[in-house]
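Reader: Hello! I would like to learn how to read a structure like this one. Could we go through it together?

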Amino acid sequence: MVLVLLSGMRILVNLLLDTLPMLGNVLLLCFFVFFIFGIIGVQLWAGLLRNRCFMDENLTIQGNITLPPYYQPEEDDEMPFICSLSGDNGIMGCNEIPPLKERGHECCLDKDDYFYYTSVRQEFNVSGMCVNWNQYYNECRTGNSNPHKGAINFDNIGYAWIVIFQVI
């Protein structure tokens, strides 16, 4: 019985080795498709996935408030908010950032209200009384990082091939 299995395995291995030259043509075609779509992706989207909504540089925030340099959704790095520069005619703009939510309520105050309430030492964290810091992220600029910890981008042909492979 073991001899029959080894004989069957030998036939399978020989069959696979005989089909390798035919697979070369398929691999060449796949390389050609990856190459063409990679060039198109680099030409169309190089650097565009780095665009984020930043705060104005002349915006001053007093006190011990620390905010991230650009808008980051609650969902972490898996679903970043990628904005379009004004000349790119893209889909998302910084004006489409949703309001900040705390404890299930949308924040509706601005920074001046926050400074007023803290200056008179009044209780600030009552229902619906929170500052919508997201409204101040209104300048779309190119940042440092691409989505998914830098793995998804079309900045060069190598990364473009990785993205195309993932999509296929």
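Reader: Where is the place of lysine 101?

Author: Welcome! A word on the ground rules: this is a predicted model, in which local features need pLDDT of at least 70 and side-chain atom pairs count only at pLDDT 80 or more, while totals for chains, interfaces and linings use all residues. Residues are numbered from 1 along each chain as its sequence is written, and side-chain values use heavy atoms, with hydrogens and water left out. As for your question, strands (E, at least two residues) and helices (H or I, at least four) are DSSP runs, numbered from the N terminus. Lysine 101 lies in strand β2.

Reader: Is lysine 101 buried or exposed?

Author: Buried means under 20% relative accessible area, exposed over 50%, and partly exposed in between (1.4 Å probe, protein chains only). Lysine 101 counts as exposed because its relative accessible area is 53%. Glutamate 102, also found in β2 (residues 101-102), is partly exposed because its value is 36%.

Reader: Which residues is lysine 101 in contact with, leaving aside its neighbours within four places in sequence?

Author: A contact means heavy atoms within 4.5 Å. With those neighbours set aside, lysine 101 is in contact with Glu106 and Cys107. Under the same condition on neighbours, glutamate 102 touches Cys107 and Cys130. You can also look at C-alpha distances: lysine 101 and tryptophan 133 are 32 residues apart in sequence, with 9.9 Å between their C-alpha atoms. For glutamate 102 and asparagine 132, 30 residues apart along the chain, that separation is 9.5 Å.

Reader: How many helices and strands are in the protein?

Author: There are 3 helices and 4 strands. Following the sequence, you meet them in the pattern α-β-β-β-α-β-α. The protein has 168 residues, of which 26% count as buried. Contacts can be sorted by separation too: of those between residues at least 6 apart in sequence, 67% join residues at least 24 apart.

Reader: What does the protein expose, in Å²?

Author: Accessible areas come from the Shrake-Rupley method with a 1.4 Å probe; for residues, only the protein chains shown count as cover. Here the protein exposes about 12200 Å², and carbon and sulfur atoms supply 62% of that area.

Reader: Which way do the residues of β1 point?

Author: From β1, Asn51, Cys53 and Met55 point one way, while Arg52 and Phe54 point the other way; all are buried. Strand β1 covers residues 51-55, and 5 of its 5 residues are buried.

Reader: Which strand does β1 pair with?

Author: Two strands pair if DSSP finds at least two bridges between them. β1 pairs with strand β4 (residues 137-142) in the antiparallel sense, over 5 bridges. In this pairing, arginine 52 stands opposite arginine 141 in β4.

Reader: Why does phenylalanine 54 count as buried?

Author: Phenylalanine 54 counts as buried because its relative accessibility is 11%. Beyond its neighbours within four places in sequence, its contacts include Pro69, Tyr70, Tyr136 and Tyr137. The C-alpha atoms of phenylalanine 54 and tyrosine 137 are 4.9 Å apart, although 83 residues separate the two along the chain.

Reader: What is the phi of histidine 148?

Author: Most residues other than glycine have a negative phi. Histidine 148 has a positive phi of about 55 degrees, although it is not a glycine. Lysine 149 also has a positive phi, near 55 degrees. Histidine 148 sits in the loop between β4 and α3 (157-167), and lysine 149 is found in the loop between β4 and α3 as well. Histidine 148 is partly exposed because its relative accessibility is 32%, whereas lysine 149 is exposed because its relative accessible area is 69%.

Reader: Which residues are closest to the centre of the largest pocket?

Author: On a 1 Å grid over the protein atoms alone, a pocket is an open set of points where a 1.4 Å probe fits, with protein on both sides within 12 Å along at least five of seven lines; lining residues have an atom within 4 Å of a point. The largest pocket holds about 370 Å³ of space. Of the 18 residues lining the largest pocket, Tyr71, Gln72, Pro73, Glu74 and Asn134 are the closest to its centre.

Key. Points joined across faces, edges and corners; volume = space filled by probe spheres on them.
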